[in-house]
2 protein chains.
Amino acid sequence: DCIEKDPIQYALPPQSATPTLVLELDQGTPDSHVPRDPRLIRLTGTHPFNVEAPLTELFNEGFLTSPELFYVRNHGAVPHVRDEDVLDWEFTVEGMVRKPMKISVRQLLRDFDQVTYPVTLVCAGNRRKEQNMVRKSKGFSWGAAGLSTALFTGVPLKELIEHAVPLKGARYVCMEGADKLPNGSYGTSVKLNWVMDPNRGIMLAHKMNGEMLRPDHGKPIRVVIPGQIGGRSVKWLKRLIVTATPSDNWYHTYDNRILPTMVDPDEAAKNPAWWKDERYAIYDLSTNSAIASPAHDEIFDTQGVSKSYTVKGYAYSGGGRRITRVELSLDRGKSWKLANVGYAEDRYRAYENHELFGGRLDMSWRETCFCWCFWSLPIQISELLDAKDIVVRAMDESMNVQPRDMYWSVLGMMNNCWYRVLIHREEHRLHFEHPTQPALIPGGWMERAKKSGRDLTDGFWGEGVLSAAIPE
Amino acid sequence: DCIEKDPIQYALPPQSATPTLVLELDQGTPDSHVPRDPRLIRLTGTHPFNVEAPLTELFNEGFLTSPELFYVRNHGAVPHVRDEDVLDWEFTVEGMVRKPMKISVRQLLRDFDQVTYPVTLVCAGNRRKEQNMVRKSKGFSWGAAGLSTALFTGVPLKELIEHAVPLKGARYVCMEGADKLPNGSYGTSVKLNWVMDPNRGIMLAHKMNGEMLRPDHGKPIRVVIPGQIGGRSVKWLKRLIVTATPSDNWYHTYDNRILPTMVDPDEAAKNPAWWKDERYAIYDLSTNSAIASPAHDEIFDTQGVSKSYTVKGYAYSGGGRRITRVELSLDRGKSWKLANVGYAEDRYRAYENHELFGGRLDMSWRETCFCWCFWSLPIQISELLDAKDIVVRAMDESMNVQPRDMYWSVLGMMNNCWYRVLIHREEHRLHFEHPTQPALIPGGWMERAKKSGRDLTDGFWGEGVLSAAIPE
């Protein structure tokens, strides 16, 4: 039976203006065929293209992000696929399967059931700039906007793999993209078991917010793995290889890992064993949150009409786990206030057998959470006037809470310590300061602490508090 | 094909001596029919029976715990079931199912496939004594031994529920035991979706370490839910009810929840809405670890022959997630050492179609982790002589790491802050001190801190370090 709600209760994509011009910056690079949005902040110089949106602009778009503001992590040049060649794009399902296949996008659209649902993708490096301020890692400096959400449409990867019939002993699905990189194509793997689990919703997507994938996002097809770091969602997909062991692709081994914190760059370079231990590979996202409002450098006049200021931000977790609470502290963790959390994702669950963008909205039976949520809390002006800072932490349904202390590792990944915004009182104005700004953009209290020679490694924001408590 | 390894590589249960005597303590209580082990530490007086083993004895038994040392959480009197009545014990599968059923243990044994695998059960209150030292909660004082591991044998709950054919709209499986309590029988629920997920391994068990369940552990049948708090694994099972909403049993609502930390006992009593929010109900365990060796009050003579002392302990996580690292700090979190972790559970995975205790050892295909792991690290005597304490933290595959700060809540549950053992140097001897001792047993640095009027709420072990950094 077809339950249709009218009017539509769920979020639809924000207004989007597909960029049509190639930016001057990109001309003369291998990406000179890719029109882009000039607002995106480049994190690795001009090329390759690694970008996040300004945090405020990302947040203000709401639950769904327009494709032009969606963060991008490219390792090299974007494969050039003309519109007229999209349907003929082919990829394989091979390895430990009874029926190896070569499938075109045309077949994917014609022969398989299509589904649509929202997924938040997050780069494992989100908030890495903070880690780099504590101690330089081997990764570039993401701010807190290394994540974005879209409605993806495609085919459950489970159906394709089942079609090929995995052989006994098969345990992993390796993926390979079309990008040509110094160490081969980008590739990685996930467990076959996860692919076969409908709760995990792993998809082969060809649409994002109802339109064909744009070049930076994997045109014409990409894998989308909800609840896991973006680095597992291979773009420009060419090969799916079912195997007994994890991917041996260079990028699978030497990227997206959290080596133990005491492994420094020297040790990591000397001893390859650190990189071969699958326990250190990141799959599911950890619990995380950040403050979007107040923005960095925002100034609030407390003599206005408002008696309160509403602090806002986002939170997410991994593995399909729901964020179960978000808390704010104005006294550095001594006491906490409970924020209001909105779960925009849940509004899609009310629909059954409802078609969206050519795919069935496949959410009514699923209980896992694949998306960020937004939280907010009005705070009395008088309280803000008395506070030195605002910190936020979230907890997910595994009952793991974000820690005070940062976990530093050589690649600088999955930073999820409390997000702290400093409050400077300037007469009757409050001046807010975030920890950092993305890329090489100056600003933030971490930079100031570092410049004034304070030790940020001590877990207490460079104020020397914990160091004092450590035996000499 | 039947792959048999010889000799057996996995752990078998430790030597067990079934208690045959009813202890004097239990005579005259409703449990006067239950023989018990006198070593167990009673946490709620004589009756009801809530106990943990001495941590060292538990740890020394190894990966599997004997039924007589296995922790017990009873809400009231233990149902009395004579051996000759076991096979006639009946339970129902009812509610939103096409074929409601009444099933006897005889049928359960005769008509269904039997499986065997190891599961660690953990009480949500494990380590609550530490929370009670910071601020009294509404729960009694578990030490760090509120967990135990056994080989359970039984029938996947999935098969029983599928047999009854859930109806459209069914989302939960409620469970009810035979115990008679002031607020009805003990009952709770889990998601139907989890029951149907073979990776979660939810089982209806009738054997523990190869023998019939003992009275304190659910004789003749109980639910075993791997990776979740023990409070969901209903004992003395009488009813399974498939529903559209979570259990409305009193114990489901008012126990096993982590209310937000700012909800104090008054507020929790005044406002029932806090108890009705399913987001605060605990299901999956969070990442946790503790130090078993050195034991509390252990004295180590550094002038002996050994140049090092091996620190040892356990770690576990929930939802099937593997512990991916365990780290020790001798300088209060400034630097960390990587411990060696042994995964005894993995040794069962090598066997396929292998029978154990009348059930198929169902581990070869499963990738989830249901058990604790043991870690160890030799530390140089010179380092221990210089250190004030040893702290341990673990990380699981969700990349969530145990936090420095305790999360206090009104029921006092899921305490998983760093476990800290203090080192007192007494001439050439090291004297170790754990944070607390279970129940009302005196001892531990938290008790001393509290007695001397120090504020344990500040997240830095009563040393006033963080308070100093908090704005007045």
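Trainee: Is B:Arg332 buried or exposed?

Mentor: Look at relative accessible area, taken with a 1.4 Å probe on protein chains only: under 20% is buried, over 50% exposed, and in between partly exposed. B:Arg332 has 2%, so this residue is buried. This is a predicted model: local features need pLDDT of at least 70, side-chain atom pairs count only at pLDDT 80 or more, and totals for chains, interfaces and linings use all residues. Residues are numbered from 1 along each chain as its sequence is written, chains are lettered from A and ligands numbered from 1 in the order written, and side-chain values use heavy atoms, without hydrogens and water.

Trainee: Where does B:Arg332 lie, and what is the sign of its phi?

Mentor: B:Arg332 sits in the loop between E17 and E18 of chain B. Helices (H or I, at least four residues) and strands (E, at least two) are DSSP runs, numbered from the N terminus. Phi of B:Arg332 is positive, about 65 degrees, although the residue is not a glycine.

Trainee: What does A:Arg332 show?

Mentor: Phi of A:Arg332 is near 65 degrees, a positive value in a residue other than glycine. The residue lies in the loop between strand E17 (323-329) and strand E18 (337-338) of chain A. A:Arg332 is buried, at 2% relative accessible area.

Trainee: Which side chain of opposite charge is nearest to B:Asp331?

Mentor: Count Lys and Arg as positive, Asp and Glu as negative; leave out His and the chain ends. A salt bridge needs a Lys or Arg side-chain nitrogen within 4 Å of an Asp or Glu carboxyl oxygen. B:Asp331 is buried but has no salt bridge; its nearest oppositely charged side chain, B:Lys334, is 6.9 Å away. B:Asp331 lies in the loop between E17 and E18 of chain B.

Trainee: What does the side chain of B:Asp331 reach?

Mentor: Think of polar contacts: N or O atom pairs within 3.5 Å; within protein, one must be able to donate a hydrogen and the other to accept it, and residues adjacent in sequence count only if both atoms are side-chain atoms. The side chain of B:Asp331 reaches the backbone nitrogen of B:Lys334 at 3.2 Å.

Trainee: How many salt bridges does the structure hold?

Mentor: Side chains of opposite charge can pair when their charged atoms come close. Over all chains, the structure holds 73 salt bridges. One joins A:Arg39 and A:Glu57 at 3.0 Å, N to O. A:Arg39 is in the segment before strand E1 (41-42) of chain A and A:Glu57 is in helix H1 (residues 55-60), so the pair ties together parts 18 residues apart in sequence. A:Arg39 is partly exposed at 35%, and A:Glu57 is partly exposed at 30%.

Trainee: Which parts does the salt bridge of A:Arg214 and A:Glu68 tie together?

Mentor: The closest N and O atoms of A:Arg214 and A:Glu68 are 2.9 Å apart. A:Arg214 lies in the loop between strand E11 (211-212) and strand E12 (222-224) of chain A, and A:Glu68 in the loop between H1 and strand E3 (72-73), so the linked parts are 146 residues apart in sequence. A:Arg214 is buried at 10%. A:Glu68 is buried at 7%.

Trainee: Which residues are linked in a network of salt bridges?

Mentor: A:Asp26, A:Asp31, A:Arg36, A:Arg42 and A:Asp216 are linked in this way. In chain B, look at the salt bridge between B:Glu130 and B:Arg127, 2.9 Å from N to O. Both of these residues are buried.

Trainee: How many residues of chain B are in contact with chain A?

Mentor: Contact means heavy atoms within 4.5 Å. By that test, 64 residues of chain B are in contact with 64 residues of chain A.

Trainee: What area do the two chains bury between them?

Mentor: Use buried area: the accessible area (1.4 Å probe) that two parts lose on being put together, summed over both. Chains B and A bury about 5200 Å² between them, 52% of it on carbon and sulfur atoms. B:Arg279, B:Glu367 and B:Met399 supply 14% of the area that chain B buries against chain A, more than any other three residues.

Trainee: How many salt bridges and polar contacts are there between chain B and chain A?

Mentor: There are ten salt bridges between them. One of them pairs B:Arg404 with A:Asp405, with the closest N and O atoms 2.8 Å apart. Another count gives 23 residue pairs in polar contact, both at pLDDT 80 or more. E17 of chain B gives the largest share of the side that touches chain A, four residues.

Trainee: Which peptide bonds should I check for cis geometry?

Mentor: Check B:Lys219 to B:Pro220, which is cis with omega near 10 degrees. B:Pro220 lies in the loop between strand E11 (211-212) and strand E12 (222-224) of chain B. Check B:Ser293 to B:Pro294 too: cis, with omega near 10 degrees. B:Pro294 lies in the loop between strand E14 (288-293) and strand E15 (299-301) of chain B.
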